[in-house]
Number of protein chains: 2
Amino acid sequence: MIRKDWRIGVAGLGTVGSGLLELIAERPGFAPAGGAVTVTGVSARNRRPALSDLAWFDDAAALALSPSNDIFVELIGGAEGPARQAVEAALSIGKPVVTANKALIAHHGARLAALAEANGAPLLFEAAVMGGTPAVKMLREAMVGDQVEVVAGILNGTCNYILSEMEATGASFERILAEAQRLGYAEADPTMDVEGLDAGHKITILAALAFGCAPTFASAEIEGLRTIEPLDIRLAKDLGYRIKLIASAVRSEAGVSVRVHPALTPLDHPLARVDGVLNALFIEGGRIGRIFVQGPGAGAGPTAAAVAADIADATTGARRPVFQAPAPALRAYPPLDVAHSLCRAFIRLRVLDKPGVIASITETLAETGVSIDSFLQKPIAEITGMPIVLTTHMARESVLSEAVRRMSALPSLLEPPRLIRIARI
Amino acid sequence: MIRKDWRIGVAGLGTVGSGLLELIAERPGFAPAGGAVTVTGVSARNRRPALSDLAWFDDAAALALSPSNDIFVELIGGAEGPARQAVEAALSIGKPVVTANKALIAHHGARLAALAEANGAPLLFEAAVMGGTPAVKMLREAMVGDQVEVVAGILNGTCNYILSEMEATGASFERILAEAQRLGYAEADPTMDVEGLDAGHKITILAALAFGCAPTFASAEIEGLRTIEPLDIRLAKDLGYRIKLIASAVRSEAGVSVRVHPALTPLDHPLARVDGVLNALFIEGGRIGRIFVQGPGAGAGPTAAAVAADIADATTGARRPVFQAPAPALRAYPPLDVAHSLCRAFIRLRVLDKPGVIASITETLAETGVSIDSFLQKPIAEITGMPIVLTTHMARESVLSEAVRRMSALPSLLEPPRLIRIARI
């Protein structure tokens with residue numbers, strides 16, 4: 001086996017990029033199939049004097065096109081702009097691309113796959129999902145002997161940290177978010193994380209790999225964390241659940257659903273036990289059964305290691321489609337027939353504590369055809385009004401929404417009812 | 001991308017082989033990088049009339065050498081004999097080999113890797129460890145950006161089932177083993193499983209992948225399950241532990257230890273919660289942190305899916321070393337310096353209930369320099385004598401053995417003390 005040396009161009013020198021430079025400098029022989037790996041050129045917004053021995057490119061696309069490197073690593077981020085231009089430039093000349101850019105792949109994965117495959121260049125993005133935990137490789141390579149039916153998990157460490165802390169301290173979402181920003185667990189602009197968009201990008205990519213479809217971020221249903229109150233967390237726990245932000249992709253005869261939303265998870269379920277900034281994933285298929293994997297979902301070390309593993313893969317000369325099917329065969333997911341959109345729900349209300357209130361709630365549910373599984377009425381000292389929570393049996397989501405709409409009109413409610421789905425995993 | 005068709009020869013038609021034939025017949029297009037995959041030839045001990053449309057080979061090596069197939073799948077089993085001959089034959093002519101044979105790889109992995117690499121043929125064995133859970137791929141490909149320090153887990157479903165059932169029912173090892181044999185969870189000859197040899201083969205392979213060493217089964221320390229009594233399980237639980245058969249490979253500056261033995265695992269540890277026939281694994285490295293993966297460890301479906309994933313890999317043309325380093329560079333693990341072999345232990349005794357007994361035990365421990373962490377004396381109706389269990393602080397294993405040896409000589413003991421290590425994970 002001839003062990004060729006490989007020259008790497010790295011665009012984007014944030015924590016992951018710096019971590020990668022350090023990793024390669026420390027262990028240039030890390031790629032088992034390759035010879036020595038060296039970084040020969042870099043590009044970033046601000047030139048760094050400490051890296052003066054590396055060729056500096058002001059323009060990431062120029063670095064991507066430069067014959068001074070054999071593999072282009074994109075760590076700029078963002079679905080458009082320089083990241084996209086540079087990746088397209090590299091693929092268009094048949095240069096292997098390794099990226100950690102989830103937004104880029106979730107939005108433009110199919111088009112980039114077509115470009116990559118037409119030019120015979122690998123396009124690898126292990127670091128885009130779950131940091132150093134090889135979710136992408138598992139779905140792209142290890143599960144091809146099966147038809148995956150469900151991929152579901154916790155894909156955003158910031159949200160999971162916030163929920164864990166809200167439970168531990170009883171403090172509000174806003175307060176814990178501010179604390180997470182202070183500790184560096186949340187960005188100054190937390191929108192991507194707390195609105196569920198980051199998890200949405202990731203589950204879009206995993207769904208495409210699992211089902212051999214084009215990643216179609218626009219068709220993912222996404223709901224973030226902002227509406228979750230400590231009261232919900234507390235009452236869910238009384239009923240035996242923990243609230244988690246669950247990303248899921250499910251394929252059935254009725255179509256594919258790709259979603260991110262808060263969900264109640266039974267306390268004894270492995271996902272309920274995933275604390276802090278960890279990520280975790282279930283993969284389920286008819287032959288393989290259920291596989292569960294858990295690990296650090298972000299951070300310079302794990303993410304740089306995932307980029308390095310992709311660089312090592314690029315040195316093997318493996319040729320395979322970017323997703324499960326060749327790019328020309330990639331289609332958007334068949335949308336889920338809404339009649340098949342069923343779930344169990346947790347509904348939390350705050351009502352005036354007077355006679356007839358509970359009867360009016362249970363009657364409204366009965367009229368819409370929703371049947372109650374458990375019911376808890378629990379006065380809490382610091383809460384105005386009487387908190388009530390109930391869980392339902394399985395029902396169509398449209399029916400549950402209608403029940404909530406009708407309950408909102410009841411005169412004794414102090415605020416609109418809150419519905420949180422119960423995870424089906 | 002030109003999608004070539006691939007012809008497969010399958011030697012060994014047990015449950016996994018039959019599962020593979022079914023999988024390929026159902027989804028011949030499963031390999032994303034390949035065209036149609038078809039089985040063109042088979043070999044097994046007993047000819048099957050139902051497979052009359054396939055070319056039949058009485059000799060597995062003849063099938064391996066036949067130009068009628070492009071990839072040879074070995075599902076015969078056993079470290080020597082026809083399995084080894086056939087795999088060597090295929091590799092010697094540069095034909096890719098996929099095998100589920102853990103004994104073969106654990107015993108002859110380095111020699112076969114040399115043959116494979118010299119002839120430019122992949123040698124793939126995902127199905128040898130953890131069935132459809134991609135432990136091999138994770139270590140071989142996904143972790144190369146890190147230096148793995150620890151691989152530890154539960155790798156034998158039969159043993160885990162027996163321990164789970166012993167705990168649930170309080171029945172003896174022998175009784176549960178007989179029940180497992182009746183249900184098909186244990187072989188008629190259970191030696192490979194219950195003596196820890198099967199788990200030993202698997203951890204030998206994982207250690208080689210994790211550390212870039214030659215698999216060296218002979219240097220693994222292996223202890224099975226036969227000596228575990230329901231009383232141990234019960235008393236361990238009183239102290240907050242569950243007994244599991246843990247396979248581990250640990251690399252430190254003091255060398256590498258590769259081991260299989262029963263160990264006490266804290267009840268809230270993920271490995272303690274792995275029940276029944278599941279397998280689970282921790283992988284730990286300095287950059288990536290800790291990754292945990294769990295899934296079905298055996299069975300026709302998962303194992304056939306793992307074989308199929310390897311076939312798909314073979315169609316990509318990837319060239320990489322079989323283990324982490326090219327075969328000529330593979331060395332045996334550096335053995336662990338025994339002075340660094342430290343652990344905490346659970347020691348269980350059954351003594352005559354009379355004055356001075358406990359003093360004699362604690363004095364013996366103090367004399368050998370073992371300090372006690374917890375101590376429990378608990379009369380149990382159906383047990384003759386007084387059961388005593390204690391856990392120790394960290395000590396050299398040689399010191400712990402010496403303490404047990406000295407305690408064995410105490411006159412009030414009804415049987416020799418039993419020492420079980422406490423897992424360091």
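## Strand pairing and the two-chain interface in a predicted model

In chain A, strand β13 is joined to strand β17 (residues 418-422) by 5 bridges, and the two strands run antiparallel. Within this pairing, A:Ile347 has A:Leu419 of β17(A) as its bridge partner. The structure is a predicted model, and every statement below refers to that model.

### Pairings of β13 in chain A

Strand β13 spans residues 342-351 of chain A, and it also pairs with β16(A), residues 395-396, in the antiparallel sense over 2 bridges. There, A:Leu342 stands opposite A:Arg396. A further antiparallel pairing links β13(A) to β15(A), residues 386-392, over 6 bridges. In that case A:Val351 faces A:Met386 of β15(A). The table sets these pairings beside one another, together with an example of facing residues for each.

| Partner of β13(A) | Sense | Bridges | Facing residues |
|---|---|---|---|
| β15(A), residues 386-392 | antiparallel | 6 bridges | A:Val351 and A:Met386 |
| β16(A), residues 395-396 | antiparallel | 2 bridges | A:Leu342 and A:Arg396 |
| β17(A), residues 418-422 | antiparallel | 5 bridges | A:Ile347 and A:Leu419 |

### The parallel sheet of chain B

Chain B contains an open sheet of 6 strands with parallel pairing, in the order β3-β2-β1-β4-β5-β6. Its edge strands are β3 (55-56) and β6 (123-124), each of which pairs on one side only. The pairing that involves the edge strand β6(B) is made with β5(B), residues 97-99, in the parallel sense over 2 bridges. In this pairing B:Val97 stands opposite B:Leu123.

### The interface between the chains

The contact between the chains involves 45 residues of chain A and 45 residues of chain B. On the side of chain A that touches chain B, α5 (135-142), β12 (289-296) and α11 (300-314) each supply at least two residues. The largest share, 9 residues, comes from α11(A). By class, this side of chain A has 26 nonpolar, 10 polar and 9 charged residues.

Strand pairing also crosses from one chain to the other. β12(A) and β12(B), the latter formed by residues 289-296 of chain B, pair in the antiparallel sense over 3 bridges. The bridge partner of A:Val293 in β12(B) is B:Val293.

What turn and what shift along the axis lay chain A on chain B? A turn of 180 degrees and a shift of 0.0 Å along the axis achieve this, with an RMSD of 0.0 Å. That is the relation of a two-fold axis. Because 100% of the interface residues of chain A are also interface residues in chain B, the copies meet through the same surface.

### Backbone angles and burial

Most residues other than glycine have a negative phi. A:Met130, by contrast, has a positive phi near 60 degrees. This residue lies in the loop between β6 (123-124) and α5 of chain A. Is A:Met130 buried or exposed? A:Met130 is buried, because 31 other C-beta atoms lie within 10 Å and the cut-off for burial is 20 or more.

In chain B, B:Met130 likewise has a positive phi near 60 degrees, and its place is in the loop between β6 and α5 (135-142) of that chain. B:Met130 counts as buried, with 31 C-beta neighbours inside 10 Å.

Helix α10(A), residues 230-238, contains the buried residues A:Asp232, A:Ile233, A:Leu235 and A:Ala236. An α-helix has 3.6 residues a turn, so residues three or four places apart point the same way. After α10(A) comes A:Gly240, with a positive phi near 95 degrees.

A:Gly369 occupies the loop between α12 (357-368) and β14 (372-377) of chain A. This glycine is exposed, because 12 other C-beta atoms lie within 10 Å and the cut-off for exposure is 12 or fewer. A:Gly369 and A:Gly12 are 357 residues apart along the chain, and their C-alpha atoms are separated by 55 Å.

### Confidence of the prediction

For chain A the average pLDDT is 94, and 100% of the residues score at least 70. For the complex, the predictor gives an ipTM of 0.95 and a pTM of 0.96.

Terms used: Residues are numbered from 1 along each chain as its sequence is written. Chains are lettered from A and ligands numbered from 1 in the order in which they are written. This is a predicted model: local features need pLDDT of at least 70, side-chain atom pairs count only at pLDDT 80 or more; totals for chains, interfaces and linings use all residues. Two strands pair if DSSP finds at least two bridges between them. Helices (H or I, at least four residues) and strands (E, at least two) are DSSP runs, numbered from the N terminus. Two residues are in contact if their C-beta atoms, placed from the backbone, lie within 7 Å. Ala, Val, Leu, Ile, Met, Phe, Trp, Tyr, Cys and Pro count as nonpolar, Asp, Glu, Lys and Arg as charged, and the others, Gly among them, as polar. pLDDT is the predictor's confidence in each residue, from 0 to 100. Copies are superposed by least squares on the C-alpha atoms of residues with pLDDT of at least 70 in both.
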